[in-house]
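Grab a pencil and let's work through two short exercises together. Keep the structure open while you go.

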Amino acid sequence: MASVSLAKFAALMILLFVAAVNGQFVIKEGKCPNVTGQATLEKAQYLGVWYEYERFPTIFEANLDCTSATYGAAGKAISVRNNGTLRIDLFGRKVILENNTISGMATVPNPDRPAEFIVNFDGVPTTKTTNYIIQETDYKNYSVIFSCIQLEALNLQFAWILTRVRGLAPPNLAQLENKLTAAGVDVTEFFVVDQKGCPGK
Ligand SMILES: *[C@@H]1O[C@H](CO)[C@@H](O)[C@H](O)[C@H]1NC(C)=O
Ligand SMILES: *[C@@H]1O[C@H](CO)[C@@H](O)[C@H](O)[C@H]1NC(C)=O
Ligand SMILES: *[C@@H]1O[C@H](CO)[C@@H](O)[C@H](O)[C@H]1NC(C)=O
Ligand SMILES: CC(=O)N[C@H]1CO[C@H](CO)[C@@H](O)[C@@H]1O
């Protein structure tokens with residue numbers, strides 16, 4: 001313990017807290033995969049509603065489903081609103097226990113990497129580390145998001161494939177997953193998010 005400074009320990013605790021709030025990640029050994037953002041980003045085309053098609057699993061919480069992300073123009077930044085529901089099966093029906101929503105802001109720390117964002121959520125310790133990398137989007141059908149936190153010998157990975165239509169797999173899903181695989185991401189960790197029978201549709 002003597003080799004870990006208090007400041008470093010505190011920083012680690014904040015990272016883990018942010019990771020837990022973000023909800024879903026996998027822990028892997030070694031270095032973070034090298035996923036880079038696409039070279040350009042047409043911000044206006046990226047705004048609007050996206051639905052999680054698949055993502056990495058949850059470790060601490062029960063699964064959120066019916067998950068969406070809504071992005072809006074906010075000057076140079078992008079406003080973020082994530083929704084999801086916590087549901088259980090009751091006599092063959094899905095019953096909502098809780099509607100979950102969290103808001104935040106996304107900013108681009110390095111203009112040379114316009115598809116790599118820092119997203120901070122209200123009421124959560126702020127991070128200055130890039131945590132939302134758009135590996136690839138066509139704005140109309142899919143967006144592939146990756147994020148990774150490097151710890152000493154381990155890393156925490158977050159990944160999402162978002163779609164514009166709730167629950168509809170992108171036609172080029174295999175190709176998108178292959179690109180993540182090529183960057184060193186284990187896509188077998190993905191699970192398909194339940195987007196059936198969601199409120200407000
Ligand atoms: C990560 O990938 C980018 C783009 O392919 C490359 O320019 C960069 O050198 C790589 N970085 C590492 C640490 O491998
Ligand atoms: C997210 O939740 C808010 C508040 O309940 C709601 O106004 C908004 O329409 C929801 N967004 C989506 C995409 O469902
Ligand atoms: C969740 O939101 C839906 C649609 O807005 C609403 O019908 C339902 O009552 C809410 N459930 C809870 C537990 O808040
Ligand atoms: C490949 C593919 O599915 N393209 C679709 C992307 O979304 C637009 C707009 O909804 C469709 O017109 C394309 O067919």
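A cavity is a set of points on a 1 Å grid over the protein atoms alone where a 1.4 Å probe fits but cannot get out, and its lining residues have an atom within 4 Å of a point. We're using a predicted model, where local features need pLDDT (the predictor's confidence in each residue, from 0 to 100) of at least 70 and side-chain atom pairs count only at 80 or more, while totals for linings use all residues. Residues are numbered from 1 along each chain, and side-chain values use heavy atoms.

**Exercise 1.** Find which residues line the second largest cavity, and sort them by type.

*Solution.*
- Step 1: there are three cavities of 30 Å³ or more, and the second largest holds about 50 Å³ of space.
- Step 2: its lining is made up of Tyr46, Tyr71, Ile78, Val80, Ala106, Phe117, Val119 and Tyr132.
- Step 3: sorting gives eight nonpolar, no polar and no charged residues. Here Ala, Val, Leu, Ile, Met, Phe, Trp, Tyr, Cys and Pro count as nonpolar, Asp, Glu, Lys and Arg as charged, and the others, Gly among them, as polar.

**Exercise 2.** Describe how the rings of Tyr71 and Tyr132 are arranged.

*Solution.*
- Step 1: check the distance. The centres are 6.0 Å apart, and rings of Phe, Tyr and Trp (its six-membered ring) pair if their centres lie within 6.5 Å.
- Step 2: check the angle. At 85° between the planes, the pair is edge-to-face (under 30 degrees is stacked, over 60 edge-to-face, the rest tilted).
- Step 3: look at the surroundings. Both Tyr71 and Tyr132 are buried (under 20% relative accessible area, with a 1.4 Å probe and protein chains only), and they share one aromatic cluster with Tyr46, Trp50 and Phe117.

Notes. Chains are lettered from A and ligands numbered from 1 in the order in which they are written. Buried means under 20% relative accessible area, exposed over 50%, partly exposed in between (1.4 Å probe, protein chains only). On a 1 Å grid over the protein atoms alone, a cavity is a set of points where a 1.4 Å probe fits but cannot get out, and a pocket is an open set with protein on both sides within 12 Å along at least five of seven lines; lining residues have an atom within 4 Å of a point. Grid points are joined across faces, edges and corners, and a volume is the space filled by probe spheres set on the points.
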